[in-house]
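User: I'm new to this structure and would like to learn how to read it. Could you walk me through it feature by feature?

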Amino acid sequence: MPAATTHIVCSRLAFSWPDGTPLFDGFDLAVGPGRTGLIGLNGSGKSTLLRLIAGEFAPVSGTVHVTGEVGHLSQNLTLDTALRVDQVLGIDGTRAALHAIEAGDGDEAHFAAVGEDWDIEERTRATLDRLGLHHIGLDRTVGQVSGGETVLLRLAALLLRRPEVLLLDEPTNNLDIDARARLYAAVDAWQGVLVVVSHDRELLERVDHIADLREGAVRWFGGTLSEYERAVEVEQEAAERMVRVAEADVKRQKRELIEAHDKLAGRTRVANKAYENKREPRAVMRARKRAAQVSAGTYRILHEERLADARGRLSEAEGAVRDDDEIRVDLPHTAVPPRRRVLTLDGLEIRYGSRAQLEVQGPERIALVGRNGAGKSTLLDTVAGELPPVAGEVSAHVPLRYLPQRLDILDESLSVMENVRRLAPGTDVQRVRAQLARFLFRKDRPDQRVGTLSGGERFRASLAALMLADPAPQLLMLDEPTNNLDLASVRQLTTALESYRGALLVASHDVPFLRGLGVDRWLRLDGELTETDPP
């Protein structure tokens, strides 16, 4: 529990999916004042937990108690494009009543609708200004604003309500760098209780506590994401030392058990030989033989129990070590020599009017940044051949592969193995299995149908299909690859791309991720494609 005063309390919570699969069982949580970063692996239940707290899902058993009003910014909420901005903000009724009064209509219903909110339009404009939405009129429709602006509008609606508890689920997805900065400022200024689910490192550096949801329970860490990672690193180093100690103890107990067996076998041979030679009365010899057998059994059981205890300590020590597998890729055929031409955009004009002139050479790593709606995805679609250019030419001089935001390159009815072999039909099955193991698809996992994979698994399968394709891609293009990935998956992706030897063109608003790739050039698309300084 992060604080003595709690605003969110989950007690003995149980929740299962409609097919009966349990997610939480006897789950307890207490959240106090301040900003909490809720992290965990994909599929651990972070978004579901927020929806339970917000009252959108009902638990099978247990209770959820929240002090004060709750505001919830969900991850995948879609809005009717015909809605007006004031409707999204929830002020349309108050605003209409206010306008009616100003026009001379003294109906008491209008005064009741306005209540104390005579400054609603001024307060709304101030909130929109703070989020960089000053240019958006209240009478515009959702269809006239970008996806990132829609996210900020939904946040503005929550801020106008002034809830005591604010729940944010991946709020920076689809936000450009400028919009992210405004959201960070809103989080910094928040005075109530805030719980945010995010993989955005910069956002998680602004929280007061980290709540790590793992295997149906939460562990609390004081401080920001960096402080959490340092604490976990120290903890894991200690856990790994305990594993080494426990492994050494198991080996020692095995050795001592073998030695005990040898010693007891020697004693048994001596006793049997003495019995056969009958050097002493038969009754004495039988008694000695029985005593030796009992002693031998006790001695053996003692050592076997010691070995079982040692194995138990090893299992417990191994359980404390996190499974932080990393993707390991060694694809020499993707290598591009320095100064070799990879991609040429000559007088290219794409839909919505943006233009690009570009020459990519060698294994360059290029970050493509720009505001929402600038056309970054459209540019990548055009380079990949999925959209025709309005004018100009695209010339790819090496094999290229493209992973769009929608992750729709896989056939959901086929297995992971079958999808990879679709793009590399001549590759030996055993070689594909060996390579898929490097993407963490081991044992029977390559035979799992894609439609049953989690979000993180689907992303790894898509990445594997692209990187293992034949011919090997020497230009890899990725569009917002970290959206909806947990922190562990982002680390895995970064590790995989570190070992990739071809050229990279990555469109992303995730600046820490881009920096981790070792970007050579930063390009900004804003009408024209131009080189820019790193953010």
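**A guided reading**

Analyst: Happy to, and let's begin with one pair of side chains: Thr344 and His397 are joined by a polar contact of 2.8 Å. A polar contact is a pair of N or O atoms within 3.5 Å; within protein, one must be able to donate a hydrogen and the other to accept it, and residues adjacent in sequence count only if both atoms are side-chain atoms. Keep in mind that this is a predicted model, where local features need pLDDT of at least 70, side-chain atom pairs count only at pLDDT 80 or more, and totals for chains, interfaces and linings use all residues. Residues are numbered from 1 along each chain as its sequence is written, and side-chain values use heavy atoms, with hydrogens and water left out.

User: Which other side chain has a polar contact with that of Thr344?

Analyst: Glu359, at 3.1 Å. Contact in the wider sense means heavy atoms within 4.5 Å. Leaving aside neighbours within four places in sequence, Thr344 is in contact with Leu358, Glu359, Glu393, Val394, Ser395 and His397.

User: Where does Thr344 sit, and is it buried or exposed?

Analyst: Helices (H or I, at least four residues) and strands (E, at least two) are DSSP runs, numbered from the N terminus. Thr344 belongs to strand S10, residues 341-349. As for cover, buried means under 20% relative accessible area, exposed over 50%, and partly exposed in between (1.4 Å probe, protein chains only). Thr344 has 13%, so it is buried.

User: How do I read a sheet? In what order do the six strands of the open sheet come?

Analyst: Start with pairing: two strands pair if DSSP finds at least two bridges between them. Here the order is S5-S6-S7-S3-S8-S9, with mixed pairing. S5 (70-73) and S9 (217-222) are at the edges with a single partner strand each, so one side of each has no neighbour in the sheet. From one strand to the next, the twist averages 20°. For angles like this, axes are lines fitted to C-alpha atoms, for helices over the stretch in contact, and angles run from 0 to 180 degrees between N-to-C directions.

User: What do the individual pairings look like?

Analyst: S3 (residues 34-40) and S7 (residues 193-197) run parallel and are joined by five bridges; in S7, Val197 is the bridge partner of Leu38. S5 and S6 also pair in the parallel sense, over four bridges, and Gly71 stands opposite Leu166 in S6.

User: What about the two faces of a strand?

Analyst: In a regular strand the side chains alternate between the two faces of the sheet. In S5, both faces are covered: Val70 and His72 are buried on one side, Gly71 and Leu73 on the other. Helix H6 (residues 147-161) lies across S5 and S6 (165-169), running at about 175° to S5.

User: How do I find a core?

Analyst: In soluble globular proteins, nonpolar side chains tend to be buried together. A nonpolar core is a set of buried Ala, Val, Leu, Ile, Met, Phe, Trp, Tyr and Cys residues joined through side-chain atoms within 4.5 Å. The largest one here has 47 residues, and Leu89, Leu153 and Leu168 have the most contacts inside it. H6 provides the largest share of this core, nine residues. Another core, of 38 residues, lies apart from it and includes Leu436 and Val506.

User: Which backbone details should I look out for?

Analyst: Most residues other than glycine have a negative phi, and most peptide bonds are trans. Lys443 has a positive phi of about 55° although it is not a glycine; its place is the loop between helix H13 (429-438) and H14. With 80% relative accessibility, Lys443 is exposed. Glu480 also has a positive phi, about 45°, and is found in the loop between S15 and helix H15 (487-498). At 7% relative accessibility, Glu480 counts as buried.

User: Where is Pro471, and what is the peptide bond from Asp470 to Pro471 like?

Analyst: That bond is cis, with omega near 5°. Pro471 lies in the loop between helix H14 (455-467) and strand S15 (475-479).

User: And for the whole protein, how many helices and strands are there?

Analyst: There are 16 helices and 18 strands. Of the 535 residues, 46% are buried.
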